[in-house]
Amino acid sequence: MLQIRLHGRGGQGVVTAAEMLSLSAFLEGHFAQAFPSFGSERTGAPVVAYARIDDKEIRTHEPILEPNAVVVQDKTLLTAIDVFSGIDPNGYAIINSAEPAEQVVPELVAKLPQGHVLTVPATDFAMQKIGRPLPGAPMLAALAAATGVFKLESVQKSFQTRYPGKVGDANADTAALAYDYIMNIKNGGNNA
C-alpha cells in the first residue's frame, strides 16, 4: 500500500489534491481513499490531507503517521511543522519550490535514497497555465513521475473530470509541465 501525506495551507487545494490523487489511482484500477485532517482552519493555516493507494480493498482509515510519500505544497511549512515526520526510509518527498532539493532540505536529501527528494516549481507552473497559485495538479504529476505508481494521463483526466472545460484543461497542462520537469531531473537534468 502506498500511503501519501499532503501538506499545504488553506486555500491551496490540498484536500482537492488528495481527492484527485485517489481518483487518478482509481482510474487505473487501484483501490484508493483520500481524506482531510483539519479543524477550524482558515485560509493560510496549515492543512493536512491523506491518500492511500493499493491493489486490494483499503480498510484502514486513520491518519498516516508513516507515509511512503510526502507532498509539500507550501515550502514555508518546512520551518513551521515537521512535515517529514515518520517518512519511510525509502520514501519520496515532493516539495513545491524552484530551488534544488539540496538547497531546500539538505538533511532529507542525505537521508532518503538518491532521486527520492525532488522539488518542482508547481506554483510557477500553475500561474503560467491557470493564472492562480493552485499547485495541486503539478504536485500530483510530479509525484506520478517520481514514483511511477500512476500515470500523468490519470492525473490529467482526474482534473478534467472534476473541472470540465478550460479549468480542467489548464490543470492538465500544468500537470504535463511538472511531469516533464521531474522526468528531466530523473534523466540526469537539473532544476534549471
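Two strands count as paired when DSSP finds at least two bridges between them. Keep that in mind as we walk through this structure, which is a predicted model. Strands β1 and β3 clear that bar, with eight bridges joining them, and they run antiparallel. To find the pair for yourself, look for Leu2, which stands opposite Ile53 in β3.

From there, let's step over to the other neighbour of β3. Seven bridges join β2 to β3, and these two strands run antiparallel as well. A handy landmark here is Ser37, sitting opposite Val48 of β3. So how enclosed is β3 itself? Eight of its nine residues are buried, so the strand is largely enclosed by the rest of the structure.

One residue of β3 worth a stop is Asp54. Is Asp54 buried or exposed? Its relative accessibility is 10%, and because buried means under 20%, Asp54 counts as buried. If we skip residues up to four places away in sequence, Asp54 touches Met1, His30 and Phe31.

Now follow the chain out of β3. In the loop between β3 (46–54) and β4 you'll come across His61. This residue is exposed, with a relative accessible area of 55%. Even so, His61 has some company: leaving aside its neighbours within four places in sequence, it is in contact with Gln33, Phe35 and Arg52. For a sense of distance, try the stretch from His61 to Ala146: they are 85 residues apart in sequence, and their C-alpha atoms lie 25 Å apart in space.

Past the loop comes β4, made of residues 69–72, which pairs with β5 in the parallel sense over four bridges. Here Val70 stands opposite Ala93 in β5. Then β5 (residues 92–96) pairs with β6, again in the parallel sense and over four bridges. Ala93 turns up here too, with Val117 as its bridge partner in β6.

Time to step back and see the whole sheet. In what order do the strands lie? There are six of them, forming an open sheet in the order β2-β3-β1-β4-β5-β6, with mixed pairing. The edges belong to β2 (31–37) and β6; each has a single partner strand, so one side of each is left without a neighbour in the sheet. On average, neighbouring strands are turned by 15° against each other, if you ignore direction. As for what holds such an arrangement together, strands of a sheet pair through backbone hydrogen bonds, either parallel or antiparallel.

Being at an edge doesn't leave β6 out in the open. Val117 and Thr119 point one way from this strand (residues 117–120), Leu118 and Val120 point the other way, and all of them are buried.

What packs on this sheet? One answer is helix α5, which touches β1 (2–9), β4, β5 and β6. The direction of α5 makes about 150° with that of β5.

Helix α5 has a helical partner too. Running over residues 136–147, α5 packs with α6 (residues 152–162) at an angle of about 160°, their axes 9 Å apart. That makes α5 roughly antiparallel to α6, since angles over 145 degrees count that way. Their crossing is right-handed. On the α5 side, the contact is made by Gly136, Ala137, Leu140, Ala141 and Ala144, while α6 brings Leu152, Val155 and Phe159. By class, that comes to seven nonpolar residues, one polar and no charged ones.

The spacing of contact residues along a helix has a simple background: an α-helix has 3.6 residues a turn, so residues three or four places apart point the same way. Staying with α6, its buried residues are Leu152, Ser154, Val155, Gln156, Ser158 and Phe159. These buried residues pack against α1 (14–27), α5 and α7.

That brings us to α7, our last stop. Helix α7 (residues 166–186) packs with α4 (residues 122–129) at an angle of about 140°, and their axes are 9 Å apart. The crossing of these two is right-handed. From α4, the contact takes in Phe125, Ala126, Gln128 and Lys129, and from α7 it takes in Ala170, Asp173, Thr174, Leu177, Ala178 and Tyr181. By class, this contact has six nonpolar, two polar and two charged residues.

Methods
Residues numbered from 1 in each chain as written. Predicted model: local features only at pLDDT ≥ 70, side-chain atom pairs only at ≥ 80, totals over all residues. Heavy atoms only, no water. Axes fitted to C-alpha atoms, helices over the stretch in contact; angles between N-to-C directions. Parallel < 35°, antiparallel > 145°, perpendicular 65-115°, else oblique. Left-handed = near helix turned anticlockwise from the far one by under 90°. Contact = heavy atoms within 4.5 Å. Nonpolar A, V, L, I, M, F, W, Y, C, P; charged D, E, K, R; others polar. Buried < 20%, exposed > 50% of the residue type's maximum accessible area, 1.4 Å probe, protein only.
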